[in-house]
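Student: I have a structure open here, and I would like a close look at the part around its ligand. Could you take me through that site and then outward into the protein that surrounds it?

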Amino acid sequence: MSAPRIVGIGGTNRQGSSSERMVRAVLEACAARGGEVVLFDGPFLARLPHFNPEDPARTPEESELVEAVRTADALVIGSPGYHGGYSGLVKNAVDLLEDLRGDARCYFDGMPVGLLVTAAGRQACGTTLSALRDVVHAMRGWPTPIGIAVNSVAQRPFAPDGALADPQIAETVDAQAAQIMDFVANARARQASAEVAA
Ligand SMILES: Cc1cc2nc3c(=O)[nH]c(=O)nc-3n(C[C@H](O)[C@H](O)[C@H](O)COP(=O)(O)O)c2cc1C
């Protein structure tokens, strides 16, 4: 059986983006558990045109992102808290995934989605994580029970080289990755036994 494919979306186009580093950390933890991972980072998201629901033309970057999510087993989405919500860069990428509406698997149906937020204050950590959960529910996905919100000012989660330096956050990152990978394994086992029964 192929390795579970985990697609990460997130970050800002700021050098050393903390939300991007958090997405990368969860992807690395998924890879350590056997996942095949790909990240669409802030600079990539910044190259996507503003989504236009009436224009079916797609740039190569748009098609790449849509195809990656279409064939994914799980997603990881990370955003900074901007004015109490998630960023326009992430929202624009999510809106593009409207292209999955007519698929046999509509939007994120049946997929686990790990969610991460970094913000300068606790309030935006909470509101932004909650907003992302609502979006995933609207798109039929399953936010993992563990969502991660990091106060990027008070917690200083990263070492100067970009590595995750806070052991508590690292533990939570690993726990979220475990939930994602367990969900995928269980979904595959259910699918396999349904095929045997059919
Ligand atoms: C335009 C903008 C709006 C922001 N709004 C908030 C906010 O409402 N609440 C908050 O706690 N932090 C806010 N911040 C701080 C960011 O959430 C925080 O610095 C975050 O960690 C940046 O993510 P990044 O490192 O991935 O760029 C804002 C930052 C910017 C640039």
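Tutor: Gladly! One thing to keep in mind is that this is a predicted model.

Let's begin at the ligand. A shell of 16 residues surrounds the ligand, and the closest are Arg14, Ser17, Ser19, Gly81 and Gly121. By class, this shell is made up of 10 polar, 5 nonpolar and 1 charged residues. Three secondary-structure elements, helix H1 (18-32), strand E3 (74-82) and strand E5 (112-119), each supply at least two residues of the shell. The element that gives the most is E3, with 3 residues.

Now for the polar atoms. The side chain of Arg14 places an N or O atom 2.6 Å from an oxygen atom of the ligand. The side chain of Ser19 also has an N or O atom 2.6 Å from a ligand oxygen. Thr118 joins in with a polar side-chain atom 3.0 Å from an oxygen atom of the ligand. On its own the ligand has 640 Å² of accessible area, and the protein covers 70% of that.

Follow E3 out of the site and you come to His83, in the loop between E3 and strand E4 (85-86). His83 is not a glycine, yet its phi is positive, near 50°. That is worth a second look, because most residues other than glycine have a negative phi. His83 counts as exposed because its relative accessibility is 89%, above the 50% cut-off.

From Gly121, one of the closest residues to the ligand, you can step across to Asn151. Beyond its sequence neighbours within four places, Asn151 is in contact with Ala119, Ala120, Gly121, Arg122, Cys125 and Arg156. Asn151 sits in strand E7 (residues 148-151). With a relative accessible area of 10%, Asn151 is buried. Its side chain has polar partners in the backbone: the side chain of Asn151 reaches the backbone nitrogen of Val153 at 3.0 Å, and a polar atom of that side chain lies 2.9 Å from the backbone nitrogen of Ala154.

Just ahead of that strand, the loop between strand E6 (142-143) and E7 holds Thr144. Thr144 counts as buried, at 4% relative accessibility. Leaving aside neighbours within four places in sequence, the contacts of Thr144 are with Val113, Gly114, Arg133, Gln176, Gln179 and Ile180.

Let's move on to the nonpolar packing. In soluble globular proteins, nonpolar side chains tend to be buried together. Here the largest nonpolar core has 32 residues, and those touching the most other members are Leu65, Val69, Leu97 and Phe108. Two or more residues of this core come from each of strand E1 (5-10), helix H2 (42-46), helix H3 (60-70), E3, helix H4 (88-96), E5 and helix H5 (122-138). E3 and E5 therefore appear in both places: they are among the elements that supply the ligand shell, and they also give residues to this core. A separate core of 20 residues lies apart from this one, and its members include Ala25, Leu116, Ile148 and Val184.

Leu97 gives a good view into the largest core. Outside its neighbours within four places in sequence, Leu97 is in contact with Ile9, Leu65, Val66, Val69, Tyr107, Phe108 and Met139. One of those partners, Tyr107, lies in the loop between H4 and E5. Like His83, Tyr107 is a non-glycine residue with a positive phi of about 50°. The surroundings of the two differ, though: Tyr107 is buried, with a relative accessible area of 12%, whereas His83 is exposed.

Helix H4 deserves a stop as well. Its buried residues are Val90, Asn92, Ala93, Val94 and Leu96. The cover over them includes E1, H2, H3, E3, E4 and H5.

To finish, look at two exposed spots on helices. Ala138 is found in helix H5 and counts as exposed at 59% relative accessibility. Ala138 and Phe108 are 30 residues apart in sequence, and their C-alpha atoms are 9.2 Å apart in space. Glu195 lies in helix H6 (residues 167-197) and is exposed too, at 52% relative accessibility. From Glu195 to Ser63 the C-alpha distance is 31 Å, with their positions 132 residues apart in sequence.

Methods: Residues are numbered from 1 along each chain as its sequence is written. This is a predicted model: local features need pLDDT of at least 70, side-chain atom pairs count only at pLDDT 80 or more; totals for chains, interfaces and linings use all residues. Side-chain values use heavy atoms; hydrogens and water are left out. A residue is near a molecule or strand if one of its heavy atoms lies within 4 Å of it. A polar contact is a pair of N or O atoms within 3.5 Å; within protein, one must be able to donate a hydrogen and the other to accept it, and residues adjacent in sequence count only if both atoms are side-chain atoms. Accessible areas come from the Shrake-Rupley method with a 1.4 Å probe; for residues, only the protein chains shown count as cover. Helices (H or I, at least four residues) and strands (E, at least two) are DSSP runs, numbered from the N terminus. Ala, Val, Leu, Ile, Met, Phe, Trp, Tyr, Cys and Pro count as nonpolar, Asp, Glu, Lys and Arg as charged, and the others, Gly among them, as polar. A nonpolar core is a set of buried Ala, Val, Leu, Ile, Met, Phe, Trp, Tyr and Cys residues joined through side-chain atoms within 4.5 Å. Buried means under 20% relative accessible area, exposed over 50%, partly exposed in between (1.4 Å probe, protein chains only). Contact means heavy atoms within 4.5 Å.
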